[in-house]
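I opened my notebook for a first look at a new structure. Come along and read over my shoulder.

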Amino acid sequence: MAATKIIDAPRNGHEMAPLNTRARGDGTHGVTIVLTAPQRNSVQSVDIPGNEPERAAWSGKMQFFLSIIGYSVGLGNIWRFPYLCQQNGGGAFLIPFMIMLILEGIPLFLIELGIGQRMRLGALGVWNTIHPWLGGIGISSCIVTLFVALYYNVIITWVFFYLFNSFRYPLPWSTCPLNGTGFELEECAKSSETTYFWYRTTLDAAPSMDEPGGLKWWIVLCLLLSWTIVFFIVMKGIQSSGKVVYFTSLFPYIVLTIFFIRGITLRGAGAGLMHMYTPKVEKLLEPTVWLDAATQVFYSFGLAFGSLIAFGSYNTPKNNCVRDVLLVSVCNAVTAIYASVVIFAILGFKATVNVDRCVASNTDILVKNKLLGLNDTQGYEQAMSLLNGTELTRLQLSECSLAHELDNAAEGTGLAFIVFTQAIVELPGAPFWAVLFFTMLLSLGLGSQIGILEGMLCTLFDIDIIKRVKKQHVTGVVCLFCFIVGFIFCTGAGEYWLKMFDSFAGTIGLVVVALMEMIAVIFIYGHERFTEDIYQMTGYRPGIYWQWTWRYIGPVIMVCILISSVVFMVIKNPTYGAWNADLGMIEQKSYPNWVMGIALSMILAGVLPMPIVFLMRSFQCLKVDLDIHQGSIRRNETTASTKEMIDNDDDDDEDDENDFSGPALGGHVKTQSDFSDDEEEDKPMTMRMMMMRPTTTTTKTSNALNVPTSRKNNYKKDAYDV
């Protein structure tokens, strides 16, 4: 009795069509050659002599969860979400934010995490596997991620500079420097202490992008430090970065809690919170509010970078990715709201202090002009109400309004390095709070930067040539390249360049990539098949909510974001804020034409790979490469002699084709004993049945498809006598 032969190759839907499946007609039998890619298991990375190392995996569920949290919860939760709440209706902004979170963020989040876990590949490998014509999605994602990684690490550079200066007492941004005559420098006196320290001491800002000035050596050194730290964190992939996330993910919550306890006890904290969260429902009628909510959700999750696909690919096949998506989404939203409470509690304190100073200054002026008694502290409001606009201007009296102070809260770098640093100065023990704050920003920045680089490197390692090089070497080359290109941010125009990169490089390209990802998975890979994949991996079958958001609502929102971004970019002349040292304030200037040419080039570089790869592969301009064309070679490269048998095979085993679990996911493994003798007599000989016949002889055949043989154990060849 022949021994039972188990076919243990996982059926991923993209295996090679067996060759020479028909008998020759001379009484002899042909030979079936089955090519199977190396197994991708979910165990820890282990180097096996003579074999390709297995794919890396998380050491535990907590490591994966913290990595996702550290990547998704970034600087945008601290310095952009509070600003959007304040500008778009206060507490009313939470309504469109939550709606967009449910309709846009969570569905696309599950697509990226789920397809990465199912395919166990990076962004490039996933889209090539779904269909070779879609390979440009992975290339576009990698290019856009590179642009974002370039400028995101510059923010970490500035945080390092402020962190080092936070150990000085008093804080260097607490007072204005003096000139040779003992008076404050005019530039500082016209602006403020924190503004001067940011634009003159830290950046040494240039007057425009046309006059960038030279490199600032202190920024170059901090940039070198930041890239060196990032390199050592990510040089071994998740084996090294997975240990750092325990700090970068948890420490910001500890600091936020400390600031929360301190902030709500400060004078004026309640006024700041009331100003921020008082709902202005009429704002919901403005389309831009909904657009801001959709954009914030999109960028706060870090979608379309390829990082979520990479993180998902390191999971075990049976990981419950649906639960992970829901937990991370809730955590992201709660963190943004929590950070907003902390920020505006302290900004309320700063605004109250500024109003008190303003009132004291106006009181002195009124007393000098005998409009108010020397000790009459109760008559200030009455005295001010009796003055008209002309008299207020003549006496140079300021408007002391708490609402006005809170309305001037900035976003982005202005909030972190100007507004919040001024609030820290007012706190007792200011250096301690400064160290805490900038260490928190450093943790948030590093957590996101690790995820961004991990997504890009995972995409690079899907390329056959690069995967042969040690990960440390590839990571070192990437970090060195980014450091050298980053010199552009170390000039006097560095902040202007960062604003340009943030406005153009990481906007349209990411939205286009996200839209194509959703189309590729739901309409090309198939929403029914992806639903079955989720069910096989998690035991949960996505219902009507997921189907509607995947197939209709999500793509519509993506198209709206894309169209509005392009329209605003065309209609509204793009400008940047340049520092005017003579006036001590920011001036809005239009980007030079040559800079807009660079911006347009970056947008095209992030979008064009998708149509280029589509056209080149659809017209067969590229040489057939087994590593690239796995996704469709079974269907597209079928010869006439095998087509009929493949069709029969698909029809006879339709139920088995719909089972996507396979051996890798714990599915049933077909054996010779699964087929009865009666069935074998009644059914025509199919390709899979021939593959499962016992082997008695082994025949050496030529490599008809020119399969690369230089790589050891790249494919396993099993010969079966038919």
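These entries cover the disulfides, then the cavities, and at the end a hairpin.

**Entry 1: disulfides**

I noted at the start that this is a predicted model. How many disulfides does the structure hold? I found 2. Counting bonded cysteines along the chain, I wrote down the pattern 1-2, 3-4.

**Entry 2: Cys 176 and Cys 188**

I looked up the link between Cys 176 and Cys 188, where the S to S distance is 1.8 Å. This link is left-handed, with -75° about the S-S bond. Cys 176 sits in the loop between helix H6 and helix H7, and Cys 188 is in helix H7 itself, so the pair ties together parts 12 residues apart in sequence. I checked accessibility too: Cys 176 is buried at 9%, and Cys 188 is buried at 1%.

**Entry 3: Cys 358 and Cys 400**

Next I turned to the disulfide that joins Cys 358 to Cys 400, with S to S at 1.9 Å. The torsion about its S-S bond is about -80°, so I logged this disulfide as left-handed. Cys 358 belongs to helix H14 and Cys 400 to the loop between helix H16 and helix H17, so the pair ties together parts 42 residues apart in sequence. Is Cys 400 buried or partly exposed? I found a relative accessible area of 24%, which means partly exposed. Cys 358, at 14%, is buried.

**Entry 4: cysteines without a partner**

I then asked why Cys 490 is not bonded to Cys 222. Their sulfurs are 9.1 Å apart, too far for a bond. Cys 222 is buried at 7% relative accessible area, and Cys 490 is buried at 2%.

**Entry 5: cavities**

I counted 2 cavities of 30 Å³ or more. The largest has a volume of about 40 Å³. Its lining includes Val 73, Tyr 253 and Leu 444, and by class I tallied 6 nonpolar, 1 polar and no charged residues. Which helix gives the largest share of that lining? I traced 3 residues to helix H10.

The second largest cavity has a volume of about 30 Å³. Among the residues lining this one are Gly 70, Val 73, Ser 249, Tyr 253 and Leu 444. H1, H10 and H19 each supply at least two residues here. The lining divides into 4 nonpolar, 4 polar and no charged residues.

**Entry 6: a hairpin**

Last, I followed strands E2 and E3, which pair in the antiparallel sense over 6 bridges. They form a hairpin with 4 residues between them, and Gly 584 in the turn has a positive phi of about 65°. I also saw that Trp 579 stands opposite Ile 586 in E3.

How values were computed
Residues are numbered from 1 along each chain as its sequence is written. This is a predicted model: local features need pLDDT of at least 70, side-chain atom pairs count only at pLDDT 80 or more; totals for chains, interfaces and linings use all residues. Side-chain values use heavy atoms; hydrogens and water are left out. Two strands pair if DSSP finds at least two bridges between them. On a 1 Å grid over the protein atoms alone, a cavity is a set of points where a 1.4 Å probe fits but cannot get out, and a pocket is an open set with protein on both sides within 12 Å along at least five of seven lines; lining residues have an atom within 4 Å of a point. Grid points are joined across faces, edges and corners, and a volume is the space filled by probe spheres set on the points. Ala, Val, Leu, Ile, Met, Phe, Trp, Tyr, Cys and Pro count as nonpolar, Asp, Glu, Lys and Arg as charged, and the others, Gly among them, as polar. A disulfide is a pair of cysteine sulfur atoms within 2.5 Å. Buried means under 20% relative accessible area, exposed over 50%, partly exposed in between (1.4 Å probe, protein chains only).
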